[in-house]
Amino acid sequence: MRAQSSATAPSRIAVGATDADTGGASFGTVQAALGVVAFSLTFPATVWGLEGFGPWSLIAVRSILAAVVAGVCLLALRVAPPERRHWSGLAVVGAGVVLGFPLLTTLALQTSTTAHAAVVVGLLPLTTALLSALRVGTRPSRTFWIAALAGAAAVIAFTVQQSGGALTSADAYLFGALLVCAAGYTEGGRLARVMPGWQVIGWALVLCLPLTVPMAAVALSFEPVHLTAHAVTGLLWVAIGSQFLGLVVWYRGMAAIGIPKASQLQLAQPLLTLVWSVLLLGEHLPVAAPLTAAAVLVCIAVTQRARG
């Protein structure tokens, strides 16, 4: 993406450079990991948000708040709109990570525990790597796939066992969320190689405003709102922390180290979510968590060393 002609030299680097050009692999891994930490708080924060908002209101308002922050940043830095050829990819990002995944998981969390909902997060890295191979032609090594499958299996076994091994009515929402989010991550990671990651999610959020504003107006007229400290904190986190800042560093990380490797860092996300659930929601942390965490860390180490 071309830098703005009116910007100073430092601004051209910050605004015009792609994320693939502005950081090494180590820094990319750190950024992707920060994104995972931000995402791991999403489910507990959503549960807090649901204490004061209905599911449709929560999704619409969080998207609008994140879009306002993104829009202010885009205007302040005088970022030109993306080229026309990138708008279809931004629409996929918007449909997947701005609307689809938040809405489907929020609906699921009305009847599902955070532990059960974490199943979808355990499957997300593998699904993202698969879609990446189909979409952008990546070809990870056999070692990468073995480690990825092992890590996914460990996370799935852990989270399913903690939910009692029974499928719930929320599973359809969770599996749908898995697919749309993986598509959004894949397309966002591809776009972050030609434009800064914060612009990818920023423009995707702005692009969704014609849908989220009417959605908020209708939802708020039907769903009662009860503002509490938990509800407001949860809303602000899912809007600013997860929806914008988390995705900024996540896309930057994917652009620097590649979509498949970055996606495997998310294997740790369900376990982090369980830790936050203990600290923030008072849920019980099972004794199997340390063993699963060790297995996941080994798998992550292998995927980061494997060469595609």
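**Close-up 1. T303 sits in helix α14.** This is a predicted model, and the tour begins with one threonine. T303 has a relative accessibility of 0%, so it counts as buried, the cut-off being under 20%. Setting aside its neighbours within four places in sequence, T303 is in contact with F144, A147, A148, K261 and Q264. Another residue to look for here is S263: along the chain, T303 and S263 are 40 residues apart, while in space their C-alpha atoms are 9.9 Å apart.

**Close-up 2. The largest pocket takes in residues from helix α14 too.** How much space lies in this pocket? It holds about 190 Å³. Its lining is made up of 15 residues, and the ones closest to the pocket centre are A268, L271, L272, A293 and L297. Three helices, α2 (25-40), α13 (269-281) and α14 (289-305), each put at least two residues into the lining. Of these, α14 supplies the largest share, with five residues. As for the chemistry, the lining counts 15 nonpolar residues, with no polar and no charged ones.

**Close-up 3. The largest cavity has a mixed lining of nonpolar, polar and charged residues.** Searching the whole structure for cavities of 30 Å³ or more turns up one. The volume of the largest cavity is about 190 Å³. Which residues lie nearest its centre? They are F39, T42, R62, F101 and Y185, out of 18 that line the cavity. Helices α3 (42-49), α5, α8 (171-191) and α11 (229-257) each give at least two residues to this lining, and α5 gives the most, with five. Sorted by type, the lining residues come out as nine nonpolar, eight polar and one charged.

**Close-up 4. The largest nonpolar core brings together 70 residues.** The members that touch the most others are V97, Y185, I201, W250 and Y251. Helix α6 (residues 114-135) is the biggest giver, with nine residues in this core. Y185 may look familiar, as it is also among the residues nearest the centre of the largest cavity. In soluble globular proteins, nonpolar side chains tend to be buried together. Now zoom in on I201: leaving out neighbours within four places in sequence, its contacts are V97, V98, Q243, F244, L247, V248 and Y251. Apart from the largest core there is another one, of six residues, including A60, L103, L107 and M215.

**Close-up 5. S112 lies in the loop between α5 (87-108) and α6.** Is this loop residue buried or exposed? S112 counts as buried because its relative accessibility is 10%, which falls under the 20% cut-off. Not counting neighbours within four places in sequence, S112 is in contact with A117 and A170.

**Close-up 6. Two cysteines, C73 and C208, get a view of their own.** C73 counts as partly exposed because its relative accessibility is 28%, between the 20% and 50% cut-offs. C208, on the other hand, has a relative accessible area of 6%, so it is buried. A disulfide is a covalent bond between the sulfur atoms of two cysteines. How many disulfides does the structure hold? The count is zero.

Conventions:
Residues are numbered from 1 along each chain as its sequence is written. This is a predicted model: local features need pLDDT of at least 70, side-chain atom pairs count only at pLDDT 80 or more; totals for chains, interfaces and linings use all residues. Side-chain values use heavy atoms; hydrogens and water are left out. On a 1 Å grid over the protein atoms alone, a cavity is a set of points where a 1.4 Å probe fits but cannot get out, and a pocket is an open set with protein on both sides within 12 Å along at least five of seven lines; lining residues have an atom within 4 Å of a point. Grid points are joined across faces, edges and corners, and a volume is the space filled by probe spheres set on the points. Helices (H or I, at least four residues) and strands (E, at least two) are DSSP runs, numbered from the N terminus. Ala, Val, Leu, Ile, Met, Phe, Trp, Tyr, Cys and Pro count as nonpolar, Asp, Glu, Lys and Arg as charged, and the others, Gly among them, as polar. A nonpolar core is a set of buried Ala, Val, Leu, Ile, Met, Phe, Trp, Tyr and Cys residues joined through side-chain atoms within 4.5 Å. Buried means under 20% relative accessible area, exposed over 50%, partly exposed in between (1.4 Å probe, protein chains only). Contact means heavy atoms within 4.5 Å. A disulfide is a pair of cysteine sulfur atoms within 2.5 Å.
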